[in-house]
Amino acid sequence: MFNSLIEEHQQKQAALRDENEKLRKAALNSVAEVTECLVDTLNSDVSECFRTQKQIELESRKLQAEALRFSKQTQQWINMVSTFDKSLKEIGDFENWVKTMEWDMQTVATALERVHQSTDPK
């Protein structure tokens, strides 16, 4: 009877060990699955951040190139307006020179008329 109790106890112990081993393996498998899911989720987020960062860098380069193009275009406009302003000043100077010449010619013509009238015997 004592032997049968010991044998029964040993069988229960072996059954419990087998059950514990099965539960331990199931727990390890569950932990592995959870870990894999967490890693996949993190990798997905990291991958999304990486893609977003690359897109931002690309847009930044495009914006920088566009700003450079606008800067060059603005400089061309400034040069064009400066040339136009200089031309307007030259036209103003020419117009002033023409008026001065016209006044001088009128003075000379008036002086010649007076000389002609004074020398012309009537």
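Lys54, Glu57 and Arg61 are linked in a network of salt bridges. This trio is a good starting point for a walk through the structure, which is a predicted model. In total, nine salt bridges are found in the structure, and several of them are described below, after a look at the overall form.

The secondary structure is quick to summarise: the protein has one helix and zero strands. The helix, α1, covers residues 2-119. The overall dimensions can be read beside this simple layout. Taken along the principal axes, the box filled by the C-alpha atoms is roughly 180 × 10 × 10 Å. The radius of gyration of the protein is 52 Å, whereas a compact globule of 122 residues would have a value near 14 Å. A single pair of residues gives a feeling for these distances. Ser44 and Thr119 are 75 residues apart along the chain, and their C-alpha atoms are separated by 111 Å. Ser44 itself lies in helix α1, and with a relative accessible area of 42% this serine is partly exposed.

How much of such a protein is buried? Buried residues make up 0% of the 122 residues. A residue counts as buried only under 20% relative accessible area, as exposed over 50%, and as partly exposed in between. The accessible surface of the protein comes to about 11700 Å², and carbon and sulfur atoms account for 61% of that area.

One part of this surface is found at the start of the chain. Met1, Phe2, Leu5 and Ile6 make a nonpolar surface patch of about 490 Å². Phe2, a member of this patch, lies in helix α1. Is Phe2 buried or exposed? Phe2 counts as exposed because its relative accessibility is 62%, and the cut-off for that class is over 50%.

Charged side chains form the next topic. The protein carries 16 positive and 21 negative side chains, and the centres of the two sets lie 2 Å apart. Some of these charges meet in salt bridges along the helix. In one of them, Arg24 pairs with Glu21, and the closest N and O atoms are 2.6 Å apart. Both Arg24 and Glu21 lie in helix α1, three residues apart, which is about one turn of the helix. Arg24 is partly exposed, with a relative accessible area of 43%, and Glu21 is also partly exposed, with a value of 31%.

Further along the chain, Glu48 forms a salt bridge with Arg51, with 2.8 Å between the closest N and O atoms. Here again the partners, Glu48 and Arg51, lie three residues apart in helix α1, about one turn of the helix. Glu48 counts as partly exposed at 41% relative accessibility, and Arg51 counts as partly exposed at 47%.

A further salt bridge joins Glu66 and Arg69, whose closest N and O atoms are 2.6 Å apart. How far apart are Glu66 and Arg69 in terms of helical turns? Because Glu66 and Arg69 are three residues apart in helix α1, about one helical turn separates them. At 33% relative accessibility Glu66 counts as partly exposed, and Arg69, at 44%, is likewise partly exposed.

Taken together, the model shows one helix and zero strands, a radius of gyration of 52 Å and buried residues at 0%. Along the chain, the nine salt bridges of the structure include the pairs Arg24 with Glu21, Glu48 with Arg51 and Glu66 with Arg69.

Conventions: Residues are numbered from 1 along each chain as its sequence is written. This is a predicted model: local features need pLDDT of at least 70, side-chain atom pairs count only at pLDDT 80 or more; totals for chains, interfaces and linings use all residues. Side-chain values use heavy atoms; hydrogens and water are left out. Helices (H or I, at least four residues) and strands (E, at least two) are DSSP runs, numbered from the N terminus. The radius of gyration is taken over C-alpha atoms; the globule rule is 2.2 Å times the number of residues to the power 0.38. Buried means under 20% relative accessible area, exposed over 50%, partly exposed in between (1.4 Å probe, protein chains only). Accessible areas come from the Shrake-Rupley method with a 1.4 Å probe; for residues, only the protein chains shown count as cover. Lys and Arg count as positive and Asp and Glu as negative; His and the chain ends are not counted. The place of a charge is taken as NZ of Lys, CZ of Arg, CG of Asp or CD of Glu. Patches are made of residues with over 30% relative accessible area and no salt bridge: like charges are joined within 9 Å, nonpolar side chains (Val, Leu, Ile, Met, Phe, Trp, Tyr) within 5 Å. A salt bridge is a side-chain nitrogen of Lys or Arg within 4 Å of a carboxyl oxygen of Asp or Glu.
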